[in-house]
Amino acid sequence: MKQFFLLLLLSCFIYASEVKFEVLGSGGPELDGRASTSYLLWIDGKARLLVDMGSGSMLQYEQSGAKLQDLEAVVLTHLHIDHSVDLPAFMKAGFFSSRSEKLDIIAPNGNEYFPSTSEFLENLFGKNGAYRYMNDILTPSSDSFEILPIDIKALSVREYKDFKLTLLPVHHGIIPALALRIDIGDKSIIISGDTNDADNTLSHLARNADLFVAHHAVPQNASGYAIQLHMKPSSIAYIAKSTRVKKVLLTHRMKRTIGLEKQTKALIKKVYKGEVIFAEDRMKLKL
């Protein structure tokens with residue numbers, strides 16, 4: 001009996017997934033020497049999920065060694081330029097890859113200020129789109145692969161071969177935006193996206209997560225329109241503490257927060273006792 005349990009334990013260890021989270025872009029919309037927001041989920045040495053495609057993310061993706069044919073899905077947390085602008089470049093590069101499988105492009109539903117995912121892709125690649133010469137990418141008869149727009153209007157769970165996504169609309173001013181939780185076996189990551197969490201939605205996703213990827217775009221003393229869009233460090237700290245996340249990664253770093261790392265970390269550590277890390281481009285964390 002003891003040998004049976006030892007073999008069972010050994011088999012679980014052998015087939016356990018190696019999960020790594022890479023920051024392709026740790027910056028925001030400014031000219032700050034950083035790529036804009038983008039993250040990559042690695043499972044057993046393959047890039048399986050791409051979250052956001054800010055400016056510079058495609059170059060970082062290339063340098064990481066990731067292959068487009070390995071992706072199972074793409075999530076755009078919202079359609080601000082610094083989160084989505086490299087999408088056409090990725091799709092064009094895909095034409096020269098060996099990918100032939102469809103690719104889900106998951107993003108928020110639209111409103112009067114922003115297009116839905118479907119409309120966004122139609123504006124890029126539709127018959128009257130900016131890149132209409134690639135119109136076939138929206139069809140099953142594509143010369144490379146088909147992209148499928150998926151609009152998220154409410155809490156949604158999507159299962160893929162190597163991971164599960166839980167997507168939830170969050171408050172980001174007038175901009176439709178998403179936060180997401182990624183579950184890979186017994187490992188989990190929550191990405192806040194851009195939000196001030198005014199509707200207290202992040203706590204529904206973050207419970208006991210291994211990694212809380214929190215967008216840190218404003219300092220504690222921020223005021224005005226900025227705090228309608230982004231969380232202050234104190235908000236990040238209380239979410240991390242109340243949900244018992246194991247580690248916090250501060251990213252989407254902007255000039256107004258750069259240089260305040262010591263003060264920000266001290267403020268967060270008064271409330272949250274776990275590890276706090278400041279993101280850099282091409283940083284890779286093992287879960």
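**Note on a predicted model: sheet, helix contacts and a buried strand**

1. α4 passes α5 in a right-handed crossing. The structure is a predicted model, and this pair of helices is a convenient place to start reading it. Helix α4 covers residues 87-95, and helix α5 covers residues 117-125. Their axes come within 11 Å and cross at roughly 65 degrees.

2. Which residues of α4 and α5 meet? On the α4 side they are Leu-87, Pro-88 and Met-91, and on the α5 side Phe-120, Leu-121, Leu-124 and Phe-125. Sorted by class, this contact has seven nonpolar residues, no polar and no charged.

3. α4 also packs against α2, at an angle of about 40 degrees and with the axes 9 Å apart. The two helices are therefore oblique to each other; that term takes in angles that are neither under 35 degrees, nor 65 to 115, nor over 145. From α2, Ser-57, Met-58 and Tyr-61 take part, and they meet Ala-89, Phe-90 and Ala-93 of α4. Five residues of this contact are nonpolar, one is polar and none is charged.

4. The next point is the sheet. Seven strands make up an open sheet with mixed pairing, in the order β6-β5-β4-β3-β2-β1-β14. Strands β6 (147-152) and β14 (283-286) each have a single partner strand and stand at the edges, so one side of each has no neighbour in the sheet. On average, neighbouring strands here are turned by 25 degrees against each other, direction ignored.

5. Helix α2 (residues 57-64) connects the two topics above, as this helix packs on the sheet. The strands touched by α2 are β1 (19-25), β2 (38-43) and β3 (46-51). The direction of α2 makes about 140 degrees with that of β1.

6. At the β6 edge, the partner is β5 (residues 103-108), and the two strands run parallel, joined by six bridges. Which residue of β6 stands opposite Pro-108? Ile-152 does.

7. Strand β11 (residues 211-215) deserves separate mention. Five of its five residues are buried, so the strand is largely enclosed by the rest of the structure. Leu-211, Val-213 and His-215 point one way from β11, while Phe-212 and Ala-214 point the other way, and all are buried.

8. β11 pairs with β10 (residues 187-191), in parallel, through three bridges. Within that pairing, Phe-212 of β11 is the bridge partner of Ile-190. β11 also pairs with β12 (residues 247-251), again in the parallel sense, over four bridges. There, Val-213 stands opposite Leu-249 of β12.

9. The last point concerns one loop residue, Val-245, placed between α8 (233-243) and β12. Is Val-245 buried or exposed? Its relative accessibility is 5%, and buried means under 20%, so Val-245 counts as buried. Leaving aside residues up to four places away in sequence, Val-245 touches Ala-206, Ala-209, Phe-212, Ala-240 and Tyr-272. Phe-212, one of these contacts, is also one of the buried residues of β11. The C-alpha atoms of Val-245 and Ser-17 are separated by 20 Å, and the two residues lie 228 residues apart along the chain.

Technical notes. Residues are numbered from 1 along each chain as its sequence is written. This is a predicted model: local features need pLDDT of at least 70, side-chain atom pairs count only at pLDDT 80 or more; totals for chains, interfaces and linings use all residues. Side-chain values use heavy atoms; hydrogens and water are left out. Two strands pair if DSSP finds at least two bridges between them. Axes are lines fitted to C-alpha atoms, for helices over the stretch in contact, and angles run from 0 to 180 degrees between N-to-C directions. Contact means heavy atoms within 4.5 Å. Ala, Val, Leu, Ile, Met, Phe, Trp, Tyr, Cys and Pro count as nonpolar, Asp, Glu, Lys and Arg as charged, and the others, Gly among them, as polar. A crossing is left-handed if the near helix is turned anticlockwise from the far one by less than a right angle, and right-handed if clockwise. Buried means under 20% relative accessible area, exposed over 50%, partly exposed in between (1.4 Å probe, protein chains only).
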